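Reader: I have a model open and would like to walk through some of its side chains with you. Could you take my questions one at a time?

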Amino acid sequence: MEVLRREFIYIWYYFTVQLEQIFGWWVLGMVIGSAVSVFAKDYIHRAFRSLQGKRLGILGIVAASALGIASPLCMYGTIPIAASFSKGGMKDSWLAAFMMSSILLNPQLIIYSAALGGTVLTVRIVSCFLCGIVAGLLILFFYKDKPFFNFSGFDEPKSRDTAPNLLVRYLKNLWRNVKATGLYFLIGVLLSALFQRYVPAEAMTALFGGNEALGVLMAATIGVPLYACGGGTIPLLQQWLWDGMSVGSAASFMLTGPSTKITNLGALKIVLGIRRFLLYLAYVMVFSFLTGVVVNLII
């Protein structure tokens with residue numbers, strides 16, 4: 001019993017230290033994320049819709065990727081809105097860029113990721129932005145004269161932010177945000193405390209440190225089963241980076257995690273079909289691996 005009590009004290013200490021360091025970023029992320037969702041979401045989607053019909057060429061793909069990052073919707077919200085864009089004649093290459101970057105990043109996750117430091121935050125934003133652009137370019141070049149998506153059966157989503165009072169609307173959205181992310185956030189803090197207590201820093205350095213391509217590949221691979229919620233992975237990543245994980249490995253994990261999240265995959269398989277769905281998985285793994293290797297060479 002004495003041993004268990006001592007271990008509990010150690011873990012509780014690591015838990016409270018980690019929570020103190022990251023809790024403010026979680027709160028700030030929810031506050032800003034809900035504000036974007038309630039007050040700016042429609043403007044962002046109207047901005048994307050306004051691109052339709054304009055001869056922007058590749059610049060349209062760049063803009064679509066940027067607007068995908070700005071959009072606060074999750075994948076299940078992004079697909080129906082993308083379906084409405086598609087019905088209006090939006091190019092598949094633009095939709096691919098918008099959806100890819102929207103899967104990977106949103107304003108709330110950007111705030112969360114600031115807890116990892118300026119370098120990692122910059123790497124995350126740039127890599128997600130480029131991932132969306134490259135996805136759009138691949139669709140443009142290889143599916144120029146044939147459709148890539150099948151949005152049949154999807155209607156434009158109904159907004160849940162309908163309360164006439166703006167303050168009430170915002171507070172309801174914020175509460176939904178707390179319920180959606182709170183448990184995952186606490187689990188992430190607990191896991192980071194357990195890692196800190198029981199996993200030697202040397203082990204993390206050996207697995208994911210340095211410039212080894214194998215470490216990047218392993219980080220990309222574990223991102224597939226471990227990723228459940230963006231906010232929940234931030235405490236883990238913070239601990240891993242402290243323990244010696246390279247920035248390139250972290251970048252690879254941050255790309256494969258959200259793009260292979262099980263709920264996202266289920267939605268994507270519906271609109272892609274099995275063959276294009278497998279192409280999507282291959283693209284995500286290859287891009288994340290190459291990104292991790294390049295980041296390690298630069299940083």
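Reader: Which residue has its charged end over the ring of Tyr-43?

Author: Happy to start there, with the reminder that this is a predicted model. The ring of Tyr-43 has a charged end sitting over it, 4.8 Å from the ring centre. A charge counts as over a ring if it is within 6 Å of the ring centre and within 35 degrees of the ring normal. The residue that supplies this charged end is Arg-46.

Reader: At what distance from the ring centre does Lys-146 lie over the face of Tyr-143?

Author: Here the charge comes from Lys-146, and the ring beneath belongs to Tyr-143. The distance from the ring centre is 5.1 Å.

Reader: Thanks! How many aromatic pairs does a search of the whole structure find, and how are the rings of Trp-12 and Phe-15 arranged?

Author: The search of the whole structure gives twelve aromatic pairs. In the pair of Trp-12 and Phe-15, the ring centres are 5.6 Å apart and the planes meet at 15°. Planes under 30 degrees apart count as stacked, so the arrangement of Trp-12 and Phe-15 is stacked.

Reader: Where do Trp-12 and Phe-15 lie, and which residue joins them in one aromatic cluster?

Author: Both Trp-12 and Phe-15 belong to helix H1, where they are three residues apart, about one turn of the helix. Trp-12 is partly exposed, at 48% relative accessibility, whereas Phe-15 is buried at 14%. The residue that forms one aromatic cluster with them is Phe-8.

Reader: What about the rings of Phe-148 and Phe-149: are they stacked or edge-to-face?

Author: Their ring centres lie 5.1 Å apart, with the planes at 90°. Both residues count as buried, Phe-148 at 10% relative accessibility and Phe-149 at 12%. Since planes over 60 degrees apart fall in the other class from stacked ones, the pair of Phe-148 and Phe-149 is edge-to-face.

Reader: Back to the surface, then. What accessible area do the residues of the nonpolar patch have together?

Author: The patch is formed by Phe-23, Trp-25, Val-27, Leu-28, Val-31 and Ile-32. Val-27, one of these residues, is found in helix H1, which covers residues 2-50. Val-27 is partly exposed, with a relative accessible area of 30%. Together, the patch residues have an accessible area of about 430 Å².

Reader: Is Ser-102 buried or exposed, and which residues is it in contact with beyond its neighbours within four places in sequence?

Author: Ser-102 is part of helix H4, residues 92-104. Its relative accessible area is 3%, and buried means under 20%, so Ser-102 is buried. Setting aside neighbours within four places in sequence, its contacts are Gly-68, Ser-71, Leu-73 and Thr-78.

Reader: What separates the C-alpha atoms of Ser-84 and Phe-151?

Author: Ser-84 is found in helix H3, residues 75-87, and counts as buried at 11% relative accessibility. Along the chain, Ser-84 and Phe-151 are 67 residues apart. In space, their C-alpha atoms are separated by 8.7 Å.

Reader: One last stop: which residues does Ile-69 touch, and how far in space is it from Ala-193, C-alpha to C-alpha?

Author: Ile-69 sits in helix H2, residues 58-70, and is buried at 9% relative accessibility. Not counting residues up to four places away in sequence, Ile-69 touches Ser-101, Leu-105, Asn-106, Pro-107, Ile-110, Ile-125, Cys-128 and Phe-129. Ala-193 is 124 residues from Ile-69 in sequence, and their C-alpha distance in space is 30 Å.

Key. Residues numbered from 1 in each chain as written. Predicted model: local features only at pLDDT ≥ 70, side-chain atom pairs only at ≥ 80, totals over all residues. Heavy atoms only, no water. Patch = residues over 30% accessible without salt bridge, like charges linked within 9 Å, V, L, I, M, F, W, Y side chains within 5 Å. Areas by Shrake-Rupley, 256 points an atom, 1.4 Å probe, with all protein chains shown as cover. Salt bridge = Lys/Arg side-chain N within 4 Å of Asp/Glu carboxyl O. Helix = DSSP H or I, 4+ residues; strand = E, 2+ residues; numbered from the N terminus. Buried < 20%, exposed > 50% of the residue type's maximum accessible area, 1.4 Å probe, protein only. Phe/Tyr/Trp six-rings, centres within 6.5 Å; stacked < 30°, edge-to-face > 60°. Contact = heavy atoms within 4.5 Å.
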